[in-house]
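Here's a model to poke at together. Have a look first, then we'll go through some questions.

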Amino acid sequence: MTVLCMIPSCLSKSCLLAKPTKRKNVYEGDKPFAQKENKLACELKLLTSLAPPLMTAFIALSPIVNPPVSVGQTIDVQKGAALFNRACIGCHYEGGNIIQPDVTLFLKDLQRNGVDTEEEIYRITYYGKGRMPGFGQNCTPRGQCTFGPRLQDDEIKLLAEFVKSQADQDWPKIENSGD
């Protein structure tokens, strides 16, 4: 009996190009059995050829090697970047400060000015300080607050988290979807 590995589920190139072999089947004349046996041989050959690259990919993508960033964290960074671009970028482009160059959002300046925690960044963003206006809904005194749109408390919290994380990373570029 001549058996060829031409079963569609067998994708191995070497298996598809195999030369016909003559085999004596235990169940002489049982063609379906021979096809199943040949299919299994092809699938085994395919599996053994794919095992090394699949294991390499599995190890490279393993959470142990690359801890995953949650979708929520990614969305928060994007929302924070969008808020920053809407409310802060006019003065604080790329973490700098066009009004007062020594009061940037880089970690060394934040530490020097005692504003290196999310809570302090939140407080200054909410109420303002010096030349920086406050953006909070209940910001007082009125002269210290922005004349533009105010931000909600959760937006200011998100901004504070974003600024702190950017400062900790020395202000890497963030791609924004334009929100």
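What follows is a set of questions and answers on this predicted model.

Q: How many aromatic pairs are there?
A: Rings of Phe, Tyr and Trp go into this count when their centres lie within 6.5 Å. By that rule, the number of aromatic pairs is five.

Q: Is the pair of F84 and F162 stacked, edge-to-face or tilted?
A: The two ring centres are 5.7 Å apart, with 50° between the planes. Stacked needs planes under 30 degrees apart and edge-to-face needs over 60. An angle of 50° fits neither, so the pair of F84 and F162 is tilted.

Q: How many residues apart in sequence are the parts that F84 and F162 tie together?
A: F84 belongs to helix 3, residues 71–87, while F162 belongs to helix 6, residues 153–168. Both F84 and F162 are buried. Because the two rings sit in those two helices, their pair ties together parts whose separation in sequence is 78 residues.

Q: Which kind of pair do F84 and W171 make?
A: Here the ring centres are 5.2 Å apart and the planes meet at 45°. That angle is neither under 30 degrees nor over 60, so F84 and W171 count as tilted.

Q: Where does W171 lie, and how many residues apart in sequence are the parts that its pair with F84 ties together?
A: F84 is in helix 3, whereas W171 is in the segment after helix 6. The pair therefore ties together parts of the chain with a separation in sequence of 87 residues.

Q: Are F84 and W171 buried or exposed?
A: F84 has a relative accessible area of 4%, and W171 has 12%. Buried means under 20%, so F84 and W171 are both buried.

Q: Which residues make up the cluster that ring pairs link?
A: F84 pairs with F162, and F84 also pairs with W171. Put those ring pairs together and you get a cluster of F84, F162 and W171.

Q: How many disulfides are there, and which cysteines form a disulfide?
A: A pair counts when the sulfur atoms are within 2.5 Å. By that rule there is one disulfide. With sulfur atoms 2.0 Å apart, the cysteines that form it are C139 and C145.

Q: Is the link of C139 and C145 left-handed or right-handed?
A: C139 and C145 are both buried. The angle about their S-S bond is -90°, and the link is left-handed.

Q: Why is C88 not bonded to C91?
A: The closest cysteine sulfur to that of C88 is the one in C91. A disulfide needs sulfur atoms within 2.5 Å. The C88 and C91 sulfurs are too far apart for a bond, because the distance is 8.7 Å.

Q: Is C88 buried or exposed, and which residues does C88 touch?
A: C88 is in the loop between helix 3 and helix 4. Its relative accessibility is 13%, so C88 counts as buried. Its C-alpha atom is 9.3 Å from that of L159, 71 residues away along the chain. Not counting residues up to four places away in sequence, C88 touches L83 and L159.

Q: What polar atoms does the side chain of N97 meet in I99 and V103?
A: N97 is in the loop between helix 3 and helix 4 and is buried, at 13% relative accessible area. A polar atom of the N97 side chain lies 2.9 Å from a backbone atom of I99, the nitrogen. A polar atom of that side chain also lies 2.8 Å from a backbone atom of V103, the oxygen.

Q: Which peptide bond is cis?
A: Most residues other than glycine have a negative phi, and most peptide bonds are trans. P141 is in the loop between strand 4 and helix 6. With omega near -10°, the cis bond is the one from T140 to P141.

Q: What is phi for E94 and for D170?
A: E94 is in the loop between helix 3 and helix 4 and is partly exposed at 38%. D170 is in the segment after helix 6 and is exposed at 55%. Both are residues other than glycine with a positive phi. For E94 phi is near 55°, and for D170 it is near 60°.

Notes. Residues numbered from 1 in each chain as written. Predicted model: local features only at pLDDT ≥ 70, side-chain atom pairs only at ≥ 80, totals over all residues. Heavy atoms only, no water. Phe/Tyr/Trp six-rings, centres within 6.5 Å; stacked < 30°, edge-to-face > 60°. Helix = DSSP H or I, 4+ residues; strand = E, 2+ residues; numbered from the N terminus. Buried < 20%, exposed > 50% of the residue type's maximum accessible area, 1.4 Å probe, protein only. Contact = heavy atoms within 4.5 Å. Polar contact = N/O pair within 3.5 Å; in protein donor to acceptor, adjacent residues only side chain to side chain.
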